[in-house]
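Subject: Structure handover

Dear colleague,

I am passing on the structure we spoke about, with the sequence alongside. Please open it first, and then read the notes below next to it.

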Amino acid sequence: MEHQQVCRMEDSGKLYYGIKEVADRFQINASKLRFYEKEFPMLQPKKNRSGDRVYTQADIDLLTEIMDLINQKKYTIPGAREFLTNRDNRQRENAKYIAKLTKLKKFLEKMRADLDKPQEEISQENEA
């Protein structure tokens, strides 16, 4: 049975899931979930008013990835943590480049529009 399928919880329509519900889905105990929170700083489920952990689908997706790295791909915990940290850093770096390229594209489009404008006006004057 593929682990990714077992851990998809979005079909329920709920926004938040309790620790027991998540632990049951992953077929692990709640203490292992708390352990992963300590080992993976990026996994930080929120707590409700009574102090109980509540997991979002994003938390569950991250936990699915952590479990896959450790159980299927045989990463050590430090190795999985490093892999995820490096991936997050690459995504942030890529987002910066995309923002810069988008800004450059807008600038070039504006420059092109400004260059095209006088030529159109000249063409219209010559036709008249």
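Which residue forms a salt bridge with Glu37, and how far apart are the closest N and O atoms? The partner is Arg53, and the closest N and O atoms of the pair are 2.8 Å apart. Since Arg53 lies in strand β3 (residues 53-55) and Glu37 in helix α3, the pair ties together parts that are 16 residues apart in sequence. Please keep in mind throughout that this is a predicted model.

Overall layout

The protein chain holds five helices and three strands, and from the N terminus on its elements run α-β-α-α-β-β-α-α. Of its 128 residues, 26% are buried, while the chain exposes about 9500 Å², of which carbon and sulfur atoms supply 52%. When contacts between residues at least 6 apart in sequence are considered, 51% of them join residues at least 24 apart.

Around Glu37

Glu37 has a relative accessibility of 9% and therefore counts as buried, the cut-off being under 20%, whereas its partner Arg53 is partly exposed, with a relative accessible area of 21%. Leaving aside neighbours within four places in sequence, Glu37 is in contact with Leu43, Gln44, Pro45, Arg53 and Tyr55. Within helix α3 (residues 30-39), Leu33, Tyr36 and Glu37 are the buried residues; seen down the axis of α3, they fall within an arc of 105 degrees, so they line one face of the helix.

Helix α2 can be described in a similar way, its buried residues being Ile19, Val22, Ala23 and Phe26. Seen down the axis of α2, these fall within an arc of 100 degrees, so they too line one face of the helix. As a general point, an α-helix has 3.6 residues a turn, so residues three or four places apart point the same way.

Other salt bridges

The count of salt bridges comes to nine. One of them joins Glu39 to Arg81, with the closest N and O atoms 2.9 Å apart; because Glu39 lies in helix α3 and Arg81 in helix α5, the pair ties together parts that are 42 residues apart in sequence. Both ends count as partly exposed, Glu39 at 23% relative accessibility and Arg81 at 25%.

Another pairs Arg87 with Glu65, where the closest N and O atoms are 2.4 Å apart. Here Arg87 lies in helix α5 and Glu65 in helix α4, so this pair ties together parts that are 22 residues apart in sequence. Arg87 is buried, with a relative accessible area of 18%, whereas Glu65 counts as partly exposed at 24%. These two residues also belong to a network of salt bridges that links Glu65, Arg87 and Asp88.

Loops and surface

Two residues other than glycine have a positive phi near 60 degrees, namely Gln27 and Lys74. Gln27 is placed in the loop between α2 (19-26) and α3 and is exposed, with a relative accessible area of 61%. Lys74 lies in the loop between α4 (57-72) and α5 and is likewise exposed, with a relative accessible area of 64%.

Finally, Tyr97, Leu101, Leu104, Phe107, Leu108, Met111 and Leu115 form a nonpolar patch on the surface, with about 710 Å² of accessible area together. Met111, one of these residues, is found in helix α5 (residues 77-127) and is partly exposed, with a relative accessible area of 39%.

With best wishes

Conventions
Residues numbered from 1 in each chain as written. Predicted model: local features only at pLDDT ≥ 70, side-chain atom pairs only at ≥ 80, totals over all residues. Heavy atoms only, no water. Buried < 20%, exposed > 50% of the residue type's maximum accessible area, 1.4 Å probe, protein only. Helix = DSSP H or I, 4+ residues; strand = E, 2+ residues; numbered from the N terminus. Arc of directions from axis to C-beta. Contact = heavy atoms within 4.5 Å. Patch = residues over 30% accessible without salt bridge, like charges linked within 9 Å, V, L, I, M, F, W, Y side chains within 5 Å. Areas by Shrake-Rupley, 256 points an atom, 1.4 Å probe, with all protein chains shown as cover. Salt bridge = Lys/Arg side-chain N within 4 Å of Asp/Glu carboxyl O.
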